[in-house]
Amino acid sequence: MNTLAPIVADTLLPDTGEPGFGVYVHWPFCAAKCPYCDFNSHVRHQPVDQERFTAAFLKEMETMRRMSGPKTVTSVFLGGGTPSLMDPATVEAILNGISRHWHMPDGIEITMEANPSSVEATRFRGYRAAGVNRVSLGVQALNDADLKFLGRLHDVADALKAIKLARDIFPRMSFDLIYARPRQTVEEWEAELAQAISYAVDHLSLYQLTIEEGTPFYGLHKAGKLIVPDGDQSAALYEATQEITARHGMPAYEVSNHAQPGAESRHNLTYWRYGDYAGIGPGAHGRLSRGSQKIATATERRPETWLEQVEAQGHGMVDQELLGYDEQADELLLMGLRLREGVDLARWQQLSGRDPNPDREQTLLEHGFIERIGNSRLRCTPKGMLILDAVVADLAF
Ligand code: SF4
């Protein structure tokens, strides 16, 4: 029997075929490195020269503006790392820079990631005054033992304080939790998730703990000292997540993201609907259209090397790849199938120049991994979401 929650509603931010233009800015520093993290984040024991970094962000922005041409920005995302280690003046300078280079209408979504340990009211008020209107908090767990295991610098009391402050100061707020932790039972997760939902406003990001190569957890896992839930247990935790969030009016609109309809992250929707975005800062990626072509950009990951490169040549890009139609079609599929609304088939056909392979599509349909929405869209079922990578690989060729 399929116990997965049915797909109940599409996003209330409809896919109009114009996925928007986002600006992503990466702050690459953290107060400590979490043992599961493979993001581009670095710990520095000396103060970071924020003025110098700000000047470099602004300089790289100029290059990205030349590449993108004039655009209307539909969202900004300050990610990391821990952007809430930035001074409010740094955030203000970055946002002013964006509005000088592109058209930035009032009221667009401006999100900042923050860690509960780096939060205090004056900083939050400063970010709000600078223009940030949505905060995404890295809460990760609601019990102290697991927060310690995850290497977090905050405890539950700090997290709750940060959530309360964020709710008071920002019009929109989301927080992240990591589940499928060692020995976590479905019952424990259900209780924690219900508690989280009671603190949430209208958006939650719920990620399964994954063991990434090169992290301390990877070494422990390989040595048999860290056991994570197996496939069946992970699937049970995932199913419980879908069921509980849907029951509370925050269904998944993407594999790991849950929102009340209309409260989805516009910025992330731009990624998943395969829109353009400028990626600024160390290790940032971007996608910029040039006519019918798309350029994939990637910048140098090491912060100080990136800084010197920007100062010398105006940008820290180490890669600019022109994506062919097939590659764009694959990326569109990879991104779009993450979404509950699925992928726009006409757009995929236009890029790939073909229909989905009928035999493969039929097999996936028969096994209940995908479904058609009318003739125009294709999406993963909840069951298909569990094996998303395999579904995409099957459809892409
Ligand atoms: S705070 Fe976030 S970005 Fe920084 S090390 Fe931890 S998980 Fe990675």
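I take helices and strands here as DSSP runs, helices of at least four residues and strands of at least two, numbered from the N terminus. I also note at the outset that this is a predicted model.

**Entry 1: the annotated domain**

I began with the UniProt record, an unreviewed entry, which lists residues 15–251 as "domain: Radical SAM core". Over residues 15–251 I find the chain to be 43% helix and 17% strand, and the C-alpha atoms at the two ends of this stretch lie 17 Å apart.

**Entry 2: around the ligand**

Which residues are around the ligand? I list Cys 30, Ala 32, Lys 33, Cys 34, Tyr 36, Cys 37, Phe 39, Ser 41, Gly 81, Thr 82, Asn 115 and Arg 152. Sorted by class, this shell comprises six nonpolar, four polar and two charged residues.

**Entry 3: strands β5, β6 and β8**

Next I followed the pairing of strand β6, which spans residues 203–208. With β5 it runs parallel, the two being joined by five bridges, and within this pairing Phe 175 has Leu 204 of β6 as its bridge partner. Between the two strands the chain passes through helix α6 (residues 186–199), and I note that this β-α-β crossover from β5 to β6 is right-handed.

β6 also pairs with strand β8 (residues 257–259), here in the antiparallel sense and over three bridges. In that pairing the bridge partner of His 203 is Ala 259, which belongs to β8.

**Entry 4: the sheet of β13, β15 and β14**

I then looked up an open sheet of three strands, whose order is β13-β15-β14 and whose pairing is antiparallel. Which strands are at the edge? They are β13 and β14 (370–373), each of which pairs on one side only. Strand β15 (residues 377–380) is joined to β14 by four bridges in the antiparallel sense, and I noted that Ile 373 has Arg 377 in β15 as its bridge partner.

**Entry 5: salt bridges**

I count 16 salt bridges in the structure, and I looked at several of them in turn.

In one of them, Glu 109 pairs with Arg 172, with 2.8 Å between the closest N and O atoms. This pair links distant parts of the chain, since Glu 109 lies in strand β3 (residues 109–114) and Arg 172 in strand β5 (residues 172–179), 63 residues apart. Both Glu 109 and Arg 172 are buried.

The side chains of Arg 338 and Glu 254 form another salt bridge, at 2.6 Å from N to O. Here too distant parts of the chain are linked: Arg 338 is in the loop between α11 (325–336) and β13 (343–344), whereas Glu 254 is in strand β7 (residues 252–254), and the two are 84 residues apart. Are these two partners buried or exposed? Arg 338 has 27% relative accessibility and therefore counts as partly exposed, the cut-off for buried being under 20%. Glu 254 has a relative accessible area of 1%, so I record this residue as buried.

A further salt bridge brings together the side chains of Glu 331 and Arg 287, with an N to O distance of 2.8 Å. Glu 331 sits in helix α11 and Arg 287 in strand β10 (residues 285–290), and this pair likewise links distant parts of the chain, 44 residues apart. I find Glu 331 buried, and Arg 287 as well.

Last, I noted that Lys 71, Asp 276 and Lys 294 are joined into one network by salt bridges that share partners.

Note on methods:
Residues are numbered from 1 along each chain as its sequence is written. This is a predicted model: local features need pLDDT of at least 70, side-chain atom pairs count only at pLDDT 80 or more; totals for chains, interfaces and linings use all residues. Side-chain values use heavy atoms; hydrogens and water are left out. A salt bridge is a side-chain nitrogen of Lys or Arg within 4 Å of a carboxyl oxygen of Asp or Glu. Buried means under 20% relative accessible area, exposed over 50%, partly exposed in between (1.4 Å probe, protein chains only). A residue is near a molecule or strand if one of its heavy atoms lies within 4 Å of it. Ala, Val, Leu, Ile, Met, Phe, Trp, Tyr, Cys and Pro count as nonpolar, Asp, Glu, Lys and Arg as charged, and the others, Gly among them, as polar. Two strands pair if DSSP finds at least two bridges between them. A crossover is right-handed if, with the strands pointing away from the viewer, the path from the first strand over the helix to the second runs clockwise. UniProt positions are given in the numbering used here, feature names are shortened, and annotations may be inferred rather than shown by experiment.
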